[in-house]
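User: I am new to this structure and would like a close look at a single helix in it. Please set that part in the context of the chain.

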Amino acid sequence: MRPKIISSFLQSALGRCSNWKGHVGSLACSVGRVGTTGHPLRHCHTINGDPPRILITGGLGQLGTGLAKLLRSKYGVENVILSDIVKPSKEVVSQGPYVFANILDFKCLQEIVVTYRIDWLIHFSALLSAIGEQNVPLAIRVNIEGLHNIMELSKQYNLRVFVPSTIGAFGPTSPRNPTPNLTIQRPRTIYGVSKVHGELLGEYYNHRFGLDFRCLRFPGVISSDTQPGGGTTDYAVQIFHDAIQGRHFECYLRPNSRLPMMYIDDCLRALWEMLVAPEEQLRCRTYNVTAMSFCPEEIVTAVRNHFPNLQVSYRPDSRQDIADTWPEVFDDSEARNDWGWHHSYDLEAMCNIMFDNLRRQHNMT
Ligand code: VAH
């Protein structure tokens, strides 16, 4: 058993190098033991013997700083460049390289890729669902025109590029429980439309130009030290902050609005595993990933296990209309089968780690 897997892995790694005619260096992956999922264990990758140099756009959103930390632990602090258009905190710049990057300015992006010798690009810049509906022209510029720059840049410099998509890429005509990886996608938000466009454009560049495009459709992401910005699933983060501070929690969704969700550590690990998965494991370039599905009344019950006196009321607003068009349960079986994805945190485990983190942040330990 063992010799076959090692040889195919080696073959694939070497094979891939030979494909990248334009690629100056050789892409080497160190072979490791086969993991529990039977998929070759992912080890740190090198390009030309050096760690990949990675640029993250939209770095000061919900996922950027956490991902930079994870990738720096694998590839070295100096090889992961965080970027955005806003001034970073002292803490952010103390953690590693940070640059200004306006994704609407192609020249600015070219300069960064050349100056920092970037190999991989992770593109987080985007207006999320709720805030996008409040400013459609800006959402089109950032989410669509910005993406066009990223695609052309990645093609020009032969970058491996990761662009996140979302449960929001599905609409009311998609099966909602479960929502398969490949099905009808007619979203009703500009955010969703821009993300379907991103999936299709990335797959087109992969098919037409061999661009190493990779995409994951994330559910709502729950994090303790970074705030989500303008999404429809944000309530599931807000409830933790209200509980720990003894505040009344008002939910803008109905108690039974079920949505797929994931704890941030699972989200970042899924992203990294998809980023380094051997290409021959990728039977497609866009995958659903998830960990759990819950509705407001279920997370209220789970939070009350920690804070029994949490006061809750429900006042649905326009975000309810968005949630009503989204998947209730996400089918991520293809990601699990193809590259061994599996989540670690269910609702209870997520509540435990969220409150551990928040108690530490509020010096309540
Ligand atoms: C939003 N949090 O609500 C984002 C996400 C899965 C949802 O895309 O818009």
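The request and the answer below deal mainly with one helix near the end of the numbering, helix 13 (residues 347-361).

User: Which residues of helix 13 are buried, and what covers them?

Analyst: This is a predicted model, and the confidence comes before the helix. The average pLDDT of the chain is 90, and 88% of the residues score at least 70. Residues 1-43 have a pLDDT under 50 throughout, and the model has 62 contacts beyond four places in sequence for them.

The chain has 365 residues, and 55% of them are buried. Its secondary structure consists of 13 helices and 15 strands. Of the contacts with a separation of 6 or more, 75% are between residues 24 or more positions apart. The accessible surface is about 15900 Å², and carbon and sulfur atoms hold 53% of that.

Helix 13 runs over residues 347-361, which is 15 residues. From the first C-alpha to the last, helix 13 reaches 21 Å, close to the 21 Å expected at 1.5 Å a residue. The buried residues of helix 13 are Leu 347, Met 350, Cys 351, Met 354, Phe 355, Asn 357 and Leu 358. Because they cover an arc of only 160° around the axis, these residues sit on the same side of helix 13. The spacing fits a general rule: an α-helix has 3.6 residues a turn, so residues three or four places apart point the same way. Glu 348 and Arg 360, on the other side of helix 13, are exposed.

The cover over the buried residues of helix 13 comes from several elements, including helix 8 (235-244) and helix 10 (296-304). Strand 10 (220-222), strand 12 (259-263) and strand 14 (292-294) are also among them. Just after helix 13, Asn 363 has a positive phi of about 45°.

Helix 6 (residues 136-156) can be set beside helix 13. Helix 6 has 21 residues, so at 1.5 Å a residue it should span 30 Å, and the 29 Å between its end C-alpha atoms agrees. Buried residues in helix 6 include Ala 139, Val 142, Ile 144, Leu 147, Ile 150 and Leu 153. At the N-terminal end, Asn 135 caps helix 6, with a side-chain oxygen 3.1 Å from the backbone nitrogen of Leu 138. After helix 6 comes Asn 158, whose phi is positive, near 55°.

One of the buried residues of helix 6, Ile 150, leads to a strand. Thr 57, in strand 3 (residues 54-57), touches Ile 150, and its other contacts include Ser 83, Ile 103 and Leu 121. Thr 57 is buried because its relative accessible area is 1%, and buried means under 20%. The side chains of Thr 57 and His 123 are joined by a polar contact of 2.7 Å.

Arg 285 is a charged residue to compare with Arg 360, which is exposed. Arg 285 lies in the loop between helix 9 (264-276) and strand 13 (286-288). With a relative accessible area of 10%, Arg 285 is buried. Its side chain makes polar contacts with the side chain of Asp 212 at 2.8 Å and with that of Glu 279 at 2.6 Å. Beyond four places in sequence, the contacts of Arg 285 include Glu 203, Asn 206, Phe 213 and Met 274.

Technical notes:
Residues are numbered from 1 along each chain as its sequence is written. This is a predicted model: local features need pLDDT of at least 70, side-chain atom pairs count only at pLDDT 80 or more; totals for chains, interfaces and linings use all residues. Side-chain values use heavy atoms; hydrogens and water are left out. Helices (H or I, at least four residues) and strands (E, at least two) are DSSP runs, numbered from the N terminus. Buried means under 20% relative accessible area, exposed over 50%, partly exposed in between (1.4 Å probe, protein chains only). A polar contact is a pair of N or O atoms within 3.5 Å; within protein, one must be able to donate a hydrogen and the other to accept it, and residues adjacent in sequence count only if both atoms are side-chain atoms. Contact means heavy atoms within 4.5 Å. The expected span of a helix is 1.5 Å times one less than its number of residues. The arc is that of the directions from the helix axis to the C-beta atoms. Accessible areas come from the Shrake-Rupley method with a 1.4 Å probe; for residues, only the protein chains shown count as cover. pLDDT is the predictor's confidence in each residue, from 0 to 100.
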